[in-house]
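The following exercises concern the surroundings of a bound ligand. Please work through each task before reading its solution.

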Amino acid sequence: MKKLMIGNQAIARGAYEAGVTVAAAYPGTPSTEIVDGFSKFEGVYAEWSPNEKVALEVGFGASLGGARTLVTMKHVGVNVAADPLYTMSYTGVTGGVVLVSADDPGMHSSQNEQDNRGYGKFAKLLVIEPSDSQEALDFTREAFDLSEEFDSPVMLRVTTRLCHSQSLVEEGVKQDVPLKEYKKNEAKYVMLPGFARLRHIEVEKRMDRLRDYVETSPLNRVEWGDRSIGIITSGIPYQYIKEVLPEASVLKLATVNPLPEKLIRDFAAKVEKLYVIEELEPVIEEQLKAWGLDVTGKDLLPIIGEYSPELLEQVLVGRTAEPPYTLEGSIPGRPPLLCPGCPHRAVFHILNKKKLTVAGDIGCYTLGALKPLGAMDSTLCMGASIGTAMGMEKARGIEGSRKTVAVIGDSTFIHSGITPLIDVVYNQGNTTVIILDNSTTAMTGHQDHPGTGVTIQKAEAPKLDLEAMVKAIGIRRVTAVDPINIKELEKVIMEELAFEGPSVIIAVRPCALIDSNKYPPLVVEKDKCKACKACIKIGCTGMYWVEEEKLAYINPDLCIGCGLCVEICKFDAVVERAVM
Amino acid sequence: MSANTTNILIVGVGGQGTLLASRVLAQAAMDLGHDVKVSEIHGMAQRGGSVVSQVRYGPQVFSPIIKMGEADVIMAFEKLEAARYLSYLRKDGLIVINTESIDPLPVMSGADVYPENLEQKIAAVVPNTVIMDASGIAEECGNIKAANIVMVGRVGKALQMSKDSLAQAIKTLVPSKAIDINLRALDAGWDFMD
Ligand SMILES: Cc1ncc(C[n+]2csc(CCOP(=O)(O)OP(=O)(O)O)c2C)c(N)n1
């Protein structure tokens, strides 16, 4: 019987059926559900690694140890893992390795829109792209065979719209793949220059073999139709083409690196007008142009953003969708925001109040950049906050550093915040770092990490002691505070900024969505409220302002009783419901 | 798009249960032998942002997303979101609006105002508008959070889906302690008199 599955679940299933026994990942939208789902199968090992580089290195080791191995990450995660990746292309594999790169055209939940097919080209990997959940399962399975056949990691490139779309899937039978024998082979696995030079020759030979393979790969397919238009496409845009130009001839590519030259030339010769439809970079188009083919693509369609059926219809058919019904007037936007009771809010309230310069990082707390909190000056990539604050100090001197903090989440700190903090100690910066320890990786849906003391399979694990670790690095001043206690928080921040030398403040309070402490919802006492709106200005969705009454109200369905507004109110007007 | 594909656009605010509603509808459509695709949003937008999920079913479905002007049904869990996505409704399509309003940040901070009487304004241009206090009905069923399933009941009936299939889908998708409340919510939505 067929099942409905999101693409990510289908990938997990495909890996399981292929006999994968080890999987490693760091969470990141839109990839997170893959290894999370995989971890629930019987008899497999799965882990949340501290970051993507570690995940891929664990994958390398598991493969060397003879197991089929799945490693998944979002597109920017591959940047973090790029170092082992490029050289794994040289060593090749023992057990098959599939690296899933989940790209995010349209930046639904990302800081950039990079196209990771480019990694395939530069790291010299076979890159395969599915178009729906069934293909996600089938191609994942196939990718493990191909990885072993061509002695190389294979990249499965997917996008948000595939990862998070459900379609029908027929599950297959799980293969039992015996663990491969371990044989020491330093010429293949120790990448000293002398060995690596020889491996590079193997890589180029492999590329030749892959170029032959893709010409006849059963994963690619031609769907002949009207030959006046020929479309070369892959991934999710294939589905849009089938809606918008059902009559057209289509070359549906699954192997997007290397590209099948003969197959493409043959297709091109048989159609009148040739288009390449691909989201983001003109990866396929540029190769076709380099081969001297006359092709239309990015001259009509954008490099920026996610495609949609109406966009393709407008460009290829010349038909613009006219909405049958419209309303007059504008509709206020609804940006994402910090949840009611989010402990990050208290920290950004103080940073805003003190008008500090904030080197930010990536996580839910990046929303602290938005009004009314508006307390963030930069966000680049995971772990960047601490190095950024250090660099600003080196540029502007110690006076600047007395007004600058780095703010970083607990998961992000473990991911890539430790090495820059070592830099601060070693090169004697004065950086003040605030670690927002909400005991989870909230942004991506509450995954555990080394600081939570729980594994992906919900088993107990040694809990990383952030305070002890920071001290071990050489930070002498480490203070833990509950951020809801804003007076104490403000005092500590101001003291540490004034102090000459590095310091770390750990703001400890669980994410409101996982906090097992339950506090009763609060209420505003009407006669005590002086309409100063201080509580409204913290931007909590649990509070709202009624202009006619000049009164602040608390929504009891949303308030979780964190008490931040109690701390904020100078007139003691916010109290527990029970007190009223 | 193919005339025999049914397109349902589900819009709301992160945390209102659009994902569950789309999964229940999709599962029920699948049980009736249709090809089905669902597009969901996970991640950043779920943090109180505007969210949309889409369900498409029919003999063969390609795109997981619906074109503007082609939704047979819009299920709006919140009024402002109903207005935001109105352009997706096809001519003579059905829009079901929950009367709940949730102020977005620009409104809370006073930078913008929440438009008044949105549901009436929509009803004035869309002949096939259903306005329901799904949140209130859900509260009567035992939990305000079941508003999504109240709406599923109303829409499932309009689309002549099988109520048994919807109930079955709820039983497989909802945690066991919430099944009874959600089944009551399904009934209440199914029997709702406009
Ligand atoms: C290299 C990389 N990997 C993964 C992500 C996805 N991602 C964004 S923030 C984040 C972690 C957030 O956790 P934490 O720092 O604890 O902050 P919280 O969201 O809990 O406030 C992740 C995994 C990313 N943006 N970049």
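The exercises below treat a predicted model and proceed from the ligand's site to its individual contacts.

**Exercise 1.** Determine where the ligand sits and which elements of chain A give two or more residues to the shell around it.

*Solution.* Begin with the pockets: the ligand occupies the second largest pocket. Next, assign the shell to secondary structure: α4 (75-80) and α18 (410-416) of chain A each give two or more residues. Of these, α18(A) provides the largest share, namely four residues. Finally, turn to the domains: domain 1 (2-216) and domain 3 (344-508) of chain A both give residues to the shell, and the ligand therefore lies between them.

**Exercise 2.** State how many residues surround the ligand and how they divide into nonpolar, polar and charged.

*Solution.* With a cut-off of 4 Å between heavy atoms, 26 residues surround the ligand. The closest are A:Glu52, A:His344, A:Asp410, A:Thr412 and A:Ala442. Sorting the shell by residue class then gives 10 nonpolar, 13 polar and three charged residues.

**Exercise 3.** Identify polar contacts of the ligand with A:Gln111, A:Asp410 and A:Ser411, and state what share of the ligand's area the protein buries.

*Solution.* A polar contact requires N or O atoms within 3.5 Å. For A:Asp410, a polar side-chain atom is 2.6 Å from a ligand oxygen atom. A:Gln111 places a polar side-chain atom 3.4 Å from a ligand nitrogen atom. In the case of A:Ser411, a polar backbone atom lies 3.0 Å from an oxygen atom of the ligand. As for the area, the ligand taken alone exposes 590 Å², of which the protein buries 98%.

Definitions and conventions: Residues numbered from 1 in each chain as written. Chains lettered and ligands numbered in written order. Predicted model: local features only at pLDDT ≥ 70, side-chain atom pairs only at ≥ 80, totals over all residues. Heavy atoms only, no water. Polar contact = N/O pair within 3.5 Å; in protein donor to acceptor, adjacent residues only side chain to side chain. Areas by Shrake-Rupley, 256 points an atom, 1.4 Å probe, with all protein chains shown as cover. 1 Å grid on protein atoms, 1.4 Å probe; cavity = no way out; pocket = protein on both sides within 12 Å on 5 of 7 lines; lining within 4 Å. Sits in = over half its atoms within 2 Å of the grid points. Nonpolar A, V, L, I, M, F, W, Y, C, P; charged D, E, K, R; others polar. Domains from an automatic or database assignment.
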